[in-house]
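Visitor: I have a chain to look over. Can you take me through its aromatic rings?

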Amino acid sequence: MADRYWVGGTANWDGNTGTKWSATSGGAGGASIPTFADDVYFNAASGAVTVTVPGNSVSFRNLNCTGFTGTLTGTSGSFFNSYGDITTGSGMTAFSGFRLGFQGAVNHQITSNGITFSFSDYVEQNVTGITVTLLDNLKVVSNSFNLYRGTLNLNNNSLTYDGTLFDIGSQFTTVLAFGSTGKLILGQACTLNFITSGGVLPNLSFTGSKEVYIAGSSGTYTLERGLSPTNQQLNYLTTSTCSATVQFTGFDYVNTIDFSLGSPTLFLNQFSLSMQVLGDFILGPSVTITTPIDGRSISFVATSGTKIINTSGVNMKSCGMNFSPSASVIYDLQSDLVQNPVSNARIGIFAGTFNTNNYNITTSNFRTSNSTVNLGSSTINSYGVADFTESNYIVRIAASTTLNAGTSTINAINNFAANFSGGGKTFYNFNKLSGAGKVTMLDSNLFNNISNTITPTIFSFAPGTTTTVNNFNIAGTSGNLATINSSSPGTKFNISRSSGIISVNYLAYQDSNATGGAVWQALASNGNVDLGNNTGWVSDPNVIYVEVTGVSASGSVGTATTDTTSTVNVAGVEGIGQVGNVTIFSEGNISFQLIGVSATCQPGDLFFYRWNAVNDNQNPNWSLVNDSQAQSWDTINTNSTPVWSNAIT
């Protein structure tokens with residue numbers, strides 16, 4: 001083992017001894033040519049010269065170029081074989097050649113001092129058990145970077161690779177160790193390739209941050225995905241300079257996709273395999289999604305923690321998105337989620353908790369099971385198009401789903417017949433927004449409001465099911481009726497509301513049973529058409545209904561008799577606290593009698609529409625008054641604040 005200093009000026013580093021090497025810095029030449037056991041120095045005393053390896057192989061233990069201001073280069077076929085550490089000088093013009101390899105059963109360190117390693121063929125680490133450690137950030141330009149065995153330790157530094165192929169082997173134990181802040185930066189379009197053994201990755205692992213940055217401005221990246229073990233998954237991120245196309249191929253899994261920077265194109269063409277994402281999925285607003293073949297999909301398969309889904313509203317085209325398999329995972333939507341209305345582009349939630357966080361979803365169909373889904377105030381726009389496993393569904397909510405509908409709206413935008421399968425859940429608003437397709441309600445569900453925006457339209461209900469509503473606003477227009485019927489003609493379905501009056505307009509109804517305690521009024525004068533086999537509907541225009549609002553008490557409340565064509569009696573309204581607002585109104589020329597309104601404390605405001613003067617005592621007993629009299633308003637004791645909530649009796 002010896003020290004060798006370059007003193008040969010501009011010349012070739014070759015097999016001729018000559019006077020090129022010295023045993024001391026700036027000393028006399030004539031020392032022997034360095035071997036793999038010798039330390040080689042290029043320094044200030046070497047001069048600003050160019051040293052060339054002319055197509056042959058040179059070896060050294062440690063290479064130290066501190067203070068050197070010249071160029072160390074090679075020609076075609078030149079091999080630099082390092083059996084120790086490499087330190088390049090910050091003032092060097094270049095360190096380049098044909099191949100750089102790390103040899104010998106020893107560990108290596110690289111200190112680049114900002115100098116780019118440029119090798120036309122490849123940089124190779126191909127010795128079992130060795131570790132090559134970066135002591136600062138390193139940039140490598142090469143056609144190929146080969147990590148076949150041993151450990152490459154980025155040591156919290158960045159390795160920027162400007163090349164066409166980054167091969168990572170697994171035939172032998174191979175580790176890419178990032179450290180907590182280390183980065184692999186792919187500076188131009190290239191292939192990141194995991195070398196398999198028998199189709200698996202038995203000896204490959206990644207540790208630390210596992211961050212791979214995509215920085216190229218053009219071309220196509222082809223990025224390998226890992227196998228299922230979590231230590232084989234990488235995090236793929238873009239930089240602000242990225243405008244290249246990125247496609248994933250090979251195996252199944254990645255950790256996080258974070259394309260929030262730049263304007264890349266994500267090319268989803270995984271053939272029969274879906275991309276399996278274990279971490280977050282984040283896209284920036286300038287990302288373009290390309291799905292050349294329908295049926296490409298992304299599966300979110302985290303096993304724990306909270307994961308972010310943020311597509312910035314970018315159209316995911318025909319890419320399906322499925323969420324599974326762990327019950328302990330929370331998926332947080334952080335932007336609107338948009339897909340094209342095409343086959344296979346469903347949203348499927350099959351495990352864990354999915355929070356829409358009030359963002360909107362546009363999808364071909366929305367399917368859930370074995371999960372908790374919190375919809376908040378989101379709008380779900382569904383085109384009801386079949387996916388690759390089943391027929392057309394607006395939504396398909398399994399009974400195993402815990403659904404918290406919040407104040408959400410589900411809009412059907414189906415051009416073809418599609419099903420609504422709610423799993424017996426409670427929904428907020430369901431609306432037939434657009435499209436010529438019929439909607440078939442397959443099971444018994446509860447809705448705050450069921451309605452339609454487009455006319456004409458058809459709602460079919462499965463026979464024997466009961467759809468319960470707070471508000472029923474399915475209606476047509478003149479010449480464009482809305483239709484409700486049974487999906488099995490001749491066998492009735494049930495539509496239910498507990499109280500109040502529901503008056504429909506331009507509705508054709510068939511095979512229905514209107515029930516629940518409410519008055520279901522379908523007057524022919526309002527454009528409604530009875531198509532037969534209906535019960536519970538009132539179509540007689542001579543029957544007048546009066547609605548009494550605001551009668552509520554913490555004690556007993558009497559009853560309001562409303563089904564009459566002559567006299568309306570509101571009797572026995574009683575409370576132990578302040579009486580709230582009571583409004584009486586009617587339609588038609590009929591009479592009212594209000595008897596026994598009393599309270600043990602001061603009443604609140606009582607308003608009477610089409611009523612005569614009333615008595616301002618605590619226990620009024622009004623006689624018959626005809627509604628044809630001039631309207632009058634009177635107030636009883638306006639100084640008290642009512643405590644009654646609004647109700648409809």
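Visitor: Which residues do ring pairs link into a cluster with Trp6?
Guide: This is a predicted model. Ring pairs join ten names here, tryptophans and phenylalanines. The cluster holds Trp6, Trp13, Trp21, Phe42, Phe60, Phe68, Phe80, Phe95, Phe117 and Phe119.

Visitor: How many aromatic pairs does the structure hold?
Guide: Rings count as a pair if their centres lie within 6.5 Å. On that basis the total is 35 aromatic pairs.

Visitor: Tryptophan 6 and tryptophan 21 form a pair; which kind?
Guide: Their centres are 5.0 Å apart, and the planes meet at 85 degrees. Planes over 60 degrees apart count as edge-to-face. So this pair is edge-to-face.

Visitor: How many residues apart in sequence are the parts that this pair ties together?
Guide: Tryptophan 6 is in strand S1, and tryptophan 21 is in strand S3. Tryptophan 6 is buried at 0% relative accessibility. Tryptophan 21 is buried too, at 0%. The parts tied together are 15 residues apart.

Visitor: Phenylalanine 300 and phenylalanine 323 also pair; stacked or edge-to-face?
Guide: The centres are 4.6 Å apart, with 10 degrees between the planes. Phenylalanine 300 lies in strand S30 and phenylalanine 323 in strand S32, 23 residues apart. Planes under 30 degrees apart count as stacked. Therefore the pair is stacked.

Visitor: Which ring does the charged end of lysine 183 sit over?
Guide: A charge over a ring needs NZ of Lys or CZ of Arg within 6 Å of the ring centre. Arginine 149 lies over the face of phenylalanine 172, at 3.8 Å. For lysine 183 the distance is 5.0 Å, and the ring belongs to tyrosine 213.

Terms used
Residues are numbered from 1 along each chain as its sequence is written. This is a predicted model: local features need pLDDT of at least 70, side-chain atom pairs count only at pLDDT 80 or more; totals for chains, interfaces and linings use all residues. Side-chain values use heavy atoms; hydrogens and water are left out. Rings of Phe, Tyr and Trp (its six-membered ring) pair if their centres lie within 6.5 Å; planes under 30 degrees apart count as stacked, over 60 as edge-to-face and the rest as tilted. Helices (H or I, at least four residues) and strands (E, at least two) are DSSP runs, numbered from the N terminus. Buried means under 20% relative accessible area, exposed over 50%, partly exposed in between (1.4 Å probe, protein chains only). A charge sits over a ring if NZ of Lys or CZ of Arg is within 6 Å of the ring centre and within 35 degrees of the ring normal.
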